[in-house]
Number of protein chains: 2
Amino acid sequence: MKKKKPTIKDIAREAGVSTSTVSRVINNNYPVHDATRRKVEEVISKRRFQPNYFARGMISNKTRTVGVLVPSLINVFFPVVVTSIENYLKSHGFTLFLCDTEASEKEERAYIHRLIEKNVEGIICLDPSTPNILSGFYEKMSGETPLVLVNAYNEGVKCNFVLNNQKRGTMEALEYLAGLGHTNIALLRGSKSYSSALKEEYYLSFMGKKSFPIREENIITIPSGNDLETVQHSMKKVHERLLEPHPPTAILACNDWMAVGARNAVKKLHKTVPCHLSLIGFDNTIIAELCEPKLSSVTLNMEDLGRVASELLLEIIEKPSFVPQRRYLPTSLVHRESCAPLKE
Amino acid sequence: MKKKKPTIKDIAREAGVSTSTVSRVINNNYPVHDATRRKVEEVISKRRFQPNYFARGMISNKTRTVGVLVPSLINVFFPVVVTSIENYLKSHGFTLFLCDTEASEKEERAYIHRLIEKNVEGIICLDPSTPNILSGFYEKMSGETPLVLVNAYNEGVKCNFVLNNQKRGTMEALEYLAGLGHTNIALLRGSKSYSSALKEEYYLSFMGKKSFPIREENIITIPSGNDLETVQHSMKKVHERLLEPHPPTAILACNDWMAVGARNAVKKLHKTVPCHLSLIGFDNTIIAELCEPKLSSVTLNMEDLGRVASELLLEIIEKPSFVPQRRYLPTSLVHRESCAPLKE
DNA sequence: CTGAAAGCGCTAACAG
DNA sequence: CTGTTAGCGCTTTCAG
């Protein structure tokens, strides 16, 4: 025998006022006599009354709710960004739907539909899949619901973006290696990753500008990924490369997991980082700190990424007529212990 | 000039039927003529009609929504559990609110209220704070909303729990160390952690049973935590301990971060794990795999934890009369490279 | 099989 | 300052 939840009507009756007065007390948006107010509040707390979410929503059409899509939470990177988003949004009264798309384009779309159906006031999508961007899917839906895309393919797309200026960090890392005397530098990248493609472009342009020898074998490609498996792949490929002629004396890895794999490869040859090979990772995750030796890594400023994405989203929510824009965040090299001057 | 979203009324008018018929088509719960149905469906998809979430909720009172509370996402542990929950719940049509309490009791309560206000159908709380349990807060609210508490203090509390049988794993780890000849074993624990307290209890009982010397200094206590800071604290304290008389030859750490700190301490003394000290971590996070040497660690079967918690929650949601119950998950030692026989 | 009509619980004019 | 009332968009009897 469960007691039915009290409604505003019950409260009104018990307090001897009309429902509108109760409503006014709840919302505190119109003048109410102090005595009346007190009386109503008393009944409210006595009956543990909570206004019905749906009835309110029906009128305000507000959910104070935001959806966040991530390709994965098991990679030390996104949890930091999500936390940053969560904390920011929380302080603005929003609660967050977490959606793990498992990097599937289909899941991505399915989740977006679910979120819209649930009347979220906005959506942030981390690393959205390129096909969904190219197909116009996001462009279309961003007309219906405030949307921010983070670190995504963005050429000619009319959506709001927050992007890392990958170029700056990549160049800084490469310059640094060059400054240490390295000319035979390899790039370790993921096969189908947009950001890896970007980095390769910068790498090539850098090597060209410096007139360093560009060797095809020095672009080491492994399956895209951000987990333990990536470490394995990377270790295998780097190990092979190190056994070939003209082994690189320095490697720039497109994420920290790859860098760890590279370190393992070096170790397998009974050599060490940074004595025999200088190594720089990307993303500056905790892995870089945990690694032995500690890994120099290009930071993406993940907290900022989350914060800026949240800020942008809130702006769009406030002002839906917002003109799509791109916000760029800097990247820069964090120095640790994995690089050393080239030995003659 | 934004076109207003179409309502069921618009669809009805355009399809030349009544709103009830449209409703029946949408819900597919009453017979409708095939021709009529087709006509209605056509209009629906043409107008891209989506039934109003609130209006529906007002009647069904269902949100297909679940809240998950975590003390943190930046610790390699909870993301795995959350992912497991998310994946399970997703397949049952639920979407998940993620709430980062930052391990604050107050935030915990605030979030719970927010979630209830949003009409979630259930709540899973990972590592809830003990005070909130002891105060009866959770016991009371679990009467109103289906609730599952994971890895929490649970004596005499009438809530649904999913718990790791910490004893089994702890004992297995200690037995293993003893089998390698270690008798001077230290425990590295967090100061205010419930699970650390549990482990200390088992540790003491084990040492007693084996008649191994119990040294007060061998219970090394550092501030509770699950992050980089924990590594620092742990390294410092272990380093100190290693310099005292009768340094331990093996350490059981209450989580993997602590274990890494211990390894660093050993390294700082120009010694190595496992040659000079055997080391076992707890939680079996990726850190254990990433660590050099790879860390033997007691696994909490995090995926199972998430799955079982979700299963339990769904059962309660289906059958609210459910009698509060406790589900225990086993823990066991995962062997890697951080332990070795005691040298004479 | 289909339509009319009565709400669900709340807010927001509008009238006092 | 307060009460009356008309919906918000949908589902669900109840009659046909």
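**Close-up views of DNA strand D and the cysteines**

**View 1. A:R24 reaches a base of DNA strand D.** An N or O atom in the A:R24 side chain sits 2.7 Å from a base nitrogen of the strand. This is a polar contact (a pair of N or O atoms within 3.5 Å). The model is predicted: local features need pLDDT of at least 70, side-chain atom pairs count only at pLDDT 80 or more, and totals for chains, interfaces and linings use all residues. Residues are numbered from 1 along each chain as its sequence is written, chains are lettered from A, and side-chain values use heavy atoms, without hydrogens and water.

**View 2. Chain B meets phosphate oxygens of DNA strand D.** The side chain of B:S23 places an N or O atom 3.0 Å from one phosphate oxygen. At B:N52, a backbone N or O atom lies 2.9 Å from a phosphate oxygen.

**View 3. 24 residues surround DNA strand D.** The closest are A:S20, A:T21, A:R24, A:T36 and B:I8. A residue counts as near if one of its heavy atoms lies within 4 Å of the strand. The surface near the strand divides into ten nonpolar, eleven polar and three charged residues. Of the strand atoms within 4 Å of the protein, 60% belong to sugar or phosphate; the rest belong to bases.

**View 4. B:C99 is buried and unpaired.** Its relative accessible area is 0%; buried means under 20%. The closest cysteine sulfur, in B:C125, is 9.1 Å from that of B:C99, too far for a bond. The structure holds zero disulfides over all chains (a disulfide is a pair of cysteine sulfur atoms within 2.5 Å).

Key
Buried means under 20% relative accessible area, exposed over 50%, partly exposed in between (1.4 Å probe, protein chains only). A polar contact is a pair of N or O atoms within 3.5 Å; within protein, one must be able to donate a hydrogen and the other to accept it, and residues adjacent in sequence count only if both atoms are side-chain atoms. Ala, Val, Leu, Ile, Met, Phe, Trp, Tyr, Cys and Pro count as nonpolar, Asp, Glu, Lys and Arg as charged, and the others, Gly among them, as polar.
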